[in-house]
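Here are my notes on the model, set out as numbered points. They take the strands and sheets together with the helices that pack on them.

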Amino acid sequence: QAVEGLARTLARASAEGLRVSPRGGNTTTEKFIPPFDVDLNIDLTRLNRVIEYEPADLTVSVEAGMTLASLQGVLRARRQFLPLDPPQPERATLGGIIATNASGPLRLRYGTARDWLIGARVMLADGTLVRGGGRVVKNVAGYDMPKLFIGSQGTLGVIVEVTFKLMPLPACSRTLAARFETHAQAAQVLTPLLRSTLLPSALTILDPLTATYAGLADGAHYTLLAQFTGHEAAVARQTREFEARGREQGLVELAPLEGEPEDALWLRVRNLPATLGAYGAVVELSVLPSQLDEAAQAVQAAAGEHDVPCALFSHAGQSLWAALRGEAAPVIEVVAQLREWVAARKGWLVVQHLPAPLKGRLDPWALPRTDREIMRLLKTQFDPQGILNPGVLVGGI
């Protein structure tokens, strides 16, 4: 009934030219300039049922308004999980995770939504329901339409159902929290790990302030978190080798974590982008893993030059996050300087949180993309009237 009601609403909005914003857990609205220039917000959280779950096939189909935390609870009963860990899993809906391509520290080992989504049903702007992919892993018929909606920010259609492949829960999980005097020392342990035969599930570097937010540090050291999962013997071997590498690079202290304390720690780390929103503007710099230390130094140098306090952390294989606190004008200068630095290294910078004084003054996307025209053409094909989340993508698409 909820799907039929959504179809009627979109058909009417299309006929009357009403601008619509699909909403799930609202975990990413602070990236954009609220309120959106829309006439109607559609709450999708009532679409929260498990449609089909096949534990033997490691697949699940669910309505897109279900939260990630709720789905993981269902899967955990069968010793399985979906290897996606974006911020605020208790609020983040599965459709929203797809629409924003949200991820977390586990991206290092497991990749992003693109690696786990195998099917989807999507409601187009006129209320037409389309399906892509399937409910089995070995489905290769036709175009891989669901991938088109990953990161589309709700501008091409409303995701109503998703199908994922799953993974068994690892038999053992252990996290080592290693403290260092400098970011460079932590990075000197991290970089060789990425090139070694070790298989960490997550590697995160926290500066003294973000480590404190994560409930870890004394406010004086940089912390490298390394999570290893798998069979007990393999985890034990990898943790021993990690400790040896750390001591070679000036390790100050090492603390192993397992069980509930480990789970609670990673939840706080995953939520850092949202937590730091109370600190200031939050930006994400995407660079090569080998450039993380250089990027951290660039952030600290630019912030220091403009007297802007900052906090930062990084996920190996993903990006560096920085929170910038201060008056609007110097923060804007820092962001502009960092965008030039990132662009020169073929990376990019996206503003993930905009405090009230910066709303309307700082473009979340900024630098033009070479694929902007393709994005515009897709928008025209899927939403010719431009009624779905107008203006939230690059270039006001």
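1. In which sense do strand E15 and strand E16 pair, and over how many bridges? The coordinates come from a predicted model, and in it strand E15 (residues 310–315) and strand E16 (residues 319–324) pair in the antiparallel sense over 6 bridges. Cys 310 has Leu 324 as its bridge partner in E16, which gives a convenient place to begin when following this pairing on the display.

2. E15 and E16 belong to an open sheet of 8 strands, whose order is E13-E10-E12-E11-E15-E16-E14-E17 and whose pairing is antiparallel. The edges of this sheet are strand E13 (253–257) and strand E17 (348–353), each of which pairs on one side only. From one strand to the next, the twist averages 20°.

3. Two helices that lie across strands of this sheet should be considered together. Helix H5 lies across strand E10 (172–180), strand E11 (202–206), strand E12 (222–230) and E15, and its direction makes about 170° with that of E11. Helix H7, for its part, lies across E10, E12 and E13, running at about 5° to E10. E10 and E12 are thus named among the strands under H5 and also among those under H7.

4. The two helices also meet each other. The axes of helix H5 (residues 183–195) and helix H7 (residues 232–248) come within 9 Å and cross at roughly 140°, an angle that makes H5 oblique to H7. The crossing in which H5 passes H7 is right-handed. On the H5 side, the residues involved are Val 189, Pro 192 and Leu 193, and they meet Phe 242, Arg 245 and Gly 246 of H7. By class, the residues of this contact divide into 4 nonpolar, 1 polar and 1 charged.

5. H5 has a further helical neighbour, helix H10 (residues 292–305), with which it packs at an angle of about 160°, the axes being 9 Å apart. Angles over 145 degrees count as roughly antiparallel, and that is why H5 is described as roughly antiparallel to H10. H5 passes H10, too, in a right-handed crossing. The contact is made by His 183, Ala 184 and Ala 187 of H5, together with Leu 292, Asp 293 and Ala 296 of H10. Sorted by class, the contact of H5 with H10 has 4 nonpolar, 1 polar and 1 charged residues.

6. One residue of strand E10 deserves a separate look, namely Arg 174. Is Arg 174 buried or exposed? Its relative accessible area is 12%, and because buried means under 20%, Arg 174 counts as buried. Leaving aside residues up to four places away in sequence, Arg 174 touches Ala 226, Gln 227, Phe 228, Glu 232, Val 235, Ala 236, Thr 239, Leu 257, Glu 258 and Glu 262. I would ask that the figure show these contacts of Arg 174.

7. There is also an open sheet of 5 strands, in the order E3-E4-E8-E6-E7, and its pairing is antiparallel. Strand E3 (50–54) and strand E7 (129–133) are the edge strands, each pairing on one side only, and the twist averages 10° from one strand to the next. Helix H1 (residues 2–16) packs on this sheet, where it touches strand E6 (117–123), E7 and strand E8 (158–165), and its direction makes about 55° with that of E6. At the E3 edge, E3 and strand E4 (residues 59–63) pair in the antiparallel sense over 4 bridges, with Tyr 53 standing opposite Val 60 in E4.

8. What are the partners of Ala 120 in E8 and in E7? E6 is joined to E8 by 6 bridges, the two strands running antiparallel, and Val 162 is the bridge partner of Ala 120 in E8. E6 also pairs with E7 in the antiparallel sense, over 5 bridges, and there the bridge partner of Ala 120 is Gly 132. E6 is mostly covered, since 6 of its 7 residues are buried.

9. A last point concerns the turn that follows E6. E6 and E7 form a hairpin with 5 residues between them, and Gly 127, which lies in the turn, has a positive phi of about 95°.

Technical notes. Residues numbered from 1 in each chain as written. Predicted model: local features only at pLDDT ≥ 70, side-chain atom pairs only at ≥ 80, totals over all residues. Heavy atoms only, no water. Axes fitted to C-alpha atoms, helices over the stretch in contact; angles between N-to-C directions. Parallel < 35°, antiparallel > 145°, perpendicular 65-115°, else oblique. Left-handed = near helix turned anticlockwise from the far one by under 90°. Contact = heavy atoms within 4.5 Å. Nonpolar A, V, L, I, M, F, W, Y, C, P; charged D, E, K, R; others polar. Pairing = 2+ DSSP bridges. Buried < 20%, exposed > 50% of the residue type's maximum accessible area, 1.4 Å probe, protein only.
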